[in-house]
Each structure stands twice: as C-alpha cells, then as structure tokens.
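Please open the structure in your viewer and keep the sequence panel visible beside it. The tour below proceeds by selection: each stop says what to select and what is found there.

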Amino acid sequence: MSEKNTTDEIDFTSKSSFQNVMKKAKRKQTVKYFIITTITTIFLLAVIYIGSQQIIEKRRANDDSLNYSLIHGANTYQSGSPIGSSDDSNLFSYTEEIAYWKEIGDRSILWDTKSVTTPLFGKRKINESGTETSQFSDREKRYVNFNQLNGEREIEFYFPQLTYTYLPNELSAATELDNNKIVEVALSFKKPLSLHEASKILGTDNVNWLWVDTSTKAQVNNYKKEALKIGNERHVITKSGASAYGFDVLDSDFEIGGQYFLNIIKTIKDGNYHNNVKKLANSINEESSPKVSDISISGAVVTGTPKELERFKNIDIIRASLIGATVDIY
C-alpha cells in the first residue's frame, strides 16, 4: 500500500493583510508619480515662461521705437508710462503703455499715449490714441488742431516750397500774452537753412527743436497738385508737428544736436522704422551717408515768456508762426 502526499496551496493574495499592503504600495506609487509629474510640469512651465520672456524681452530690446521717437515728433519726447497706467505681461506677450511728453519751460505736459503689444511670435501691435481734434477758426483763418488729453494747440509747419493764400503770424499774438506764461511757437522759414546759417540768424536762446524737411521734389510736386485739387483756402497742406522729423537743440548748439540726430539715424538699421529712416537719410544726402553740413532745416520750435519771444518778431526769414502749448509759470 503506497502512501499519498498531499500539499495544500496557500492563497496569499486573498488575505486581507496582503490586500492592505498592496493598497498602501499603490497609494505610495500614485503619490510618487503625482509629485514627480507636478515637479516636472512646474519645471517645464518655468523653463517655457523664462524662455518666452527672454524672447519677448529681446524683441523689445531690439525695437527702435525709443530711438525713433527722438527724431520724430516736434518738441516731444518718450518717457515712461502715463500716470495711472500699468504694463501687462503673460506667457505669450507683453503689453506696455508708452507716454509722450512735451516740455515747456520747466514743465512737462502729457501729450500722447499708445499701447504696444509685443507677442512671442509675429508682428508687434501698436494701438495709437489718436488724441487730436480740429476746428476752423474764423479769427485765425485756419483749422486749429487741439490735443484731446490737455486741450492745448497742436503745432504745424508751412512748407517753404508751397504757395499759400494766407500765412499766420501768431508770434505777434504770443508776445502780447501775459508775461506769467511760457509759450510754444512753431516757426516756418521762407527757405531751408543750414545749421550754421540758422544758428547765426536765430541764435540759440529759447530754441528747443529744429524741423528737418524731408520732402523730395516728387513729393513737393504732389503737394502742389493736391493743393490745386483742394482749391479751398481753408484746407492747406502743412506738416503736422506729430509727423515732423527733427531734433532737440543740445547744449545750445545746433550742430551738436544735428550730429546726435545723424547718430540715431545710423543706429536704426532694421525693424519697423528702417524704411522711414532710410528715406530720411536719402533726403538729407542721396548717398545715405549724411553729414552735419548736409542738414537743412525749414523751421523751429521756440519756447519762452512773451518777453523772451520778442526778439524773434523781426527775423525776416520767418514766413509763418503758430502758437502751440502754453503753461503758467506759477
């Protein structure tokens, strides 16, 4: 008779202790994966955010808007954000508020604002404020443009190459104002002057900004044709201060300001303003390598009290004059 051995199989997986151990291990594994995933995600997002901000910042740094504003816009300058505004940054873009100011004496007036959005990819978006209104003045026999931000007058220049039925002479009115005021006046010349000629004729006291007329012969001919089509003395072709090219008078010296102007032109080599600046350089010198002696100015912006502006009244080269912004000294 043979002896039969039997082996009972033990089922460990069905025991509650084993089930508890497995559940605990799964929870630990789940928590471990969650922590690893969270850390990895945060790290990747941080890398993406830092990388995107560096790209956006590089695009902002390469933008020439600040340099461009130094040669574009009569007697205005770009500096910081307007009061009460704030910049906005996110993963894909950076939006900044830019302010343009006008300096009259020792006072700065907020003149214009715009919002600029720099995206991670694609073109920069610029939202202009368009702060200007216009109305015809029977007393002054012309349309007068007003800045909506402050109600002050916008200046304009009259082209020396064009014929006008009426030329304003508001310099006389400026000198008759209360001597407690500082007045901005735009002067337009009968003909373009070199910086040396203008310095001798105008002097440098109270001269803030010089207008460089960039009109080509072809553009002047188009202006003349346009004037004939308009045929209305109320509507005349002028150069608005906001769209005029020129530069500040630095250290009471026209030629120092002129050289600074040329240095900025050379700095702006590409970007949104490249074509405009190239045309500007060509208008000064057809070889696009202008020198200070090549610069001709067709107008100027002067500021001062009525008494200080008196000396400009008898300068024969001045063809037209328009009052711009005014501020009280006290």
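In which sense do β9 and β13 pair, and over how many bridges? Select both strands in this predicted model. They pair in the antiparallel sense, and eight bridges join β9 to β13.

**First stop: strand β13 and its partners**

Keep β13, residues 296-304, selected. Of its nine residues, eight are buried, so the strand is largely enclosed by the rest of the structure. Now add E184, which stands opposite T303 in β13. Next, select β10, residues 207-211. β10 and β13 run antiparallel and are joined by four bridges. One position to examine here is L210, whose bridge partner in β13 is A300.

**Second stop: the start of β9**

Strand β9 covers residues 181-194, and K181 lies in it. Is K181 buried or exposed? The residue counts as partly exposed, because its relative accessibility is 25%, and the buried class requires under 20%. Display the side chains of K181 and D328: they make a polar contact at 2.7 Å. Beyond its neighbours within four places in sequence, K181 is in contact with G304, T305, P306, V327, D328 and I329. For a further view, mark the C-alpha atoms of K181 and G105; these residues are 76 residues apart along the chain, and the two atoms are separated by 9.7 Å.

**Third stop: salt bridges**

Side chains of opposite charge can pair when their charged atoms come close. The structure holds six salt bridges. Select K102 and E184, whose side chains meet in one of them, with an N to O distance of 2.9 Å. This pair links distant parts of the chain, since K102 belongs to strand β3 (residues 93-104) and E184 to strand β9, 82 residues apart. Both K102 and E184 are buried.

Move next to R142 and E156, which form a salt bridge whose closest N and O atoms are 3.6 Å apart. R142 lies in strand β7 (residues 142-147) and E156 in strand β8 (residues 156-158). Each of these two residues, R142 and E156, is buried.

Then select D294 and K291; their side chains meet in a salt bridge of 3.7 Å, N to O. D294 is partly exposed, with a relative accessible area of 25%, and K291 is also partly exposed, at 48%. Elsewhere, salt bridges that share partners join R142, E156 and E170 into one network.

**Fourth stop: the loop before β13**

Select N285, in the loop between α7 and β13. N285 is buried, because its relative accessible area is 14%, which is under the 20% cut-off. Apart from its neighbours within four places in sequence, N285 is in contact with P290, K291 and D294.

**Last stop: the nonpolar cores**

In soluble globular proteins, nonpolar side chains tend to be buried together. Which residues have the most contacts inside the largest nonpolar core? Select V207, L210, F261, I265, I295 and F312, which hold that place in a core of 40 residues. Elements that each supply at least two residues of this core include β9, β10, α6 (254-267), β13 and β14 (318-328). Now centre the view on I295: leaving aside neighbours within four places in sequence, its contacts include L193, V212, F247, F261, L262 and I284. Apart from this core lies another, of 17 residues, among them Y158, W211, I237 and A244.

Technical notes: Residues are numbered from 1 along each chain as its sequence is written. This is a predicted model: local features need pLDDT of at least 70, side-chain atom pairs count only at pLDDT 80 or more; totals for chains, interfaces and linings use all residues. Side-chain values use heavy atoms; hydrogens and water are left out. Buried means under 20% relative accessible area, exposed over 50%, partly exposed in between (1.4 Å probe, protein chains only). Contact means heavy atoms within 4.5 Å. A polar contact is a pair of N or O atoms within 3.5 Å; within protein, one must be able to donate a hydrogen and the other to accept it, and residues adjacent in sequence count only if both atoms are side-chain atoms. A nonpolar core is a set of buried Ala, Val, Leu, Ile, Met, Phe, Trp, Tyr and Cys residues joined through side-chain atoms within 4.5 Å. Two strands pair if DSSP finds at least two bridges between them. A salt bridge is a side-chain nitrogen of Lys or Arg within 4 Å of a carboxyl oxygen of Asp or Glu.
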